[in-house]
Amino acid sequence: MTDTDEKSSGKRMRPCPICSKLSTQEDYPFCSDRCAKIDLNRWFSEGYTIPVVETDDIDESNFPED
């Protein structure tokens, strides 16, 4: 692939988020179908989560009443 091909496609090649190899046009942003399926499996198995702090246990007596 040449520099002209990258500019005409509008997508810059970047490292695959799974294995860090250079991504391909067919599987962008991944380097292969295998890495795309690994990422999809992580989504399905809830591998990508954001920790949440529960606030239900806060004692409301410390807050002034209106």
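Phe44 sits out in the open: its relative accessible area is 66%, so it counts as exposed. In this predicted model, Phe44 belongs to helix H2 and helps form a nonpolar surface patch of about 490 Å², together with Leu40, Trp43 and Tyr48. The chain around that patch has 2 helices and 0 strands, and H2 will come up often below.

**The chain as a whole**

- Of the 66 residues in the protein chain, 11% are buried.
- The accessible surface of the protein chain is about 6,100 Å², and carbon and sulfur atoms account for 51% of that area.
- If you look at contacts between residues at least 6 apart in sequence, 7% of them join residues at least 24 apart.

**Helix H2 and its salt bridge**

- Helix H2 covers residues 33-44, which makes 12 residues, and it reaches 16 Å from its first C-alpha to its last, close to the 16 Å expected at 1.5 Å a residue.
- How many salt bridges does a search of the whole structure find? The search finds 1, and the partners are the side chains of Lys37 and Asp33, at 3.1 Å from N to O.
- Lys37 and Asp33 are both part of H2 and are 4 residues apart, about one turn of the helix.
- Lys37 has 53% relative accessibility and therefore counts as exposed, while Asp33, at 40%, counts as partly exposed.
- Ile38 is another residue of H2, and it is partly exposed because its relative accessible area is 26%.
- Ile38 and Ile18 are 20 residues apart in sequence, and their C-alpha atoms are 7.8 Å apart in space.

**Cysteines**

- How many disulfides does the count come to? The count is 0, with a cut-off of 2.5 Å between the two sulfur atoms.
- Why is Cys16 not bonded to Cys35? The sulfur of Cys35 is the closest cysteine sulfur to that of Cys16, but the two are 3.8 Å apart, so they are too far for a bond.
- Cys35 is in no disulfide either, and its nearest cysteine sulfur is that of Cys31, 3.7 Å away.
- Buried or exposed? Cys16 is buried, with a relative accessible area of 2%, and Cys35 is buried with a relative accessible area of 2% as well.

**Backbone spots to look at**

- As background, most residues other than glycine have a negative phi, and most peptide bonds are trans.
- Which residues does a cis peptide bond join? Tyr28 and Pro29 are joined this way, with omega about 10°.
- Pro29 lies in the loop between helix H1 (3-9) and H2.
- Ser20 is not a glycine, yet its phi is positive, at about 75°.
- Ser20 is also found in the loop between H1 and H2, and its relative accessible area of 58% is why it counts as exposed.
- Glu46 is likewise not a glycine and has a positive phi of about 60°.
- Glu46 comes just after H2, in the segment that follows that helix, and is exposed because its relative accessible area is 60%.

How values were computed. Residues numbered from 1 in each chain as written. Predicted model: local features only at pLDDT ≥ 70, side-chain atom pairs only at ≥ 80, totals over all residues. Heavy atoms only, no water. Salt bridge = Lys/Arg side-chain N within 4 Å of Asp/Glu carboxyl O. Buried < 20%, exposed > 50% of the residue type's maximum accessible area, 1.4 Å probe, protein only. Patch = residues over 30% accessible without salt bridge, like charges linked within 9 Å, V, L, I, M, F, W, Y side chains within 5 Å. Areas by Shrake-Rupley, 256 points an atom, 1.4 Å probe, with all protein chains shown as cover. Contact = heavy atoms within 4.5 Å. Expected span 1.5 Å × (residues − 1).
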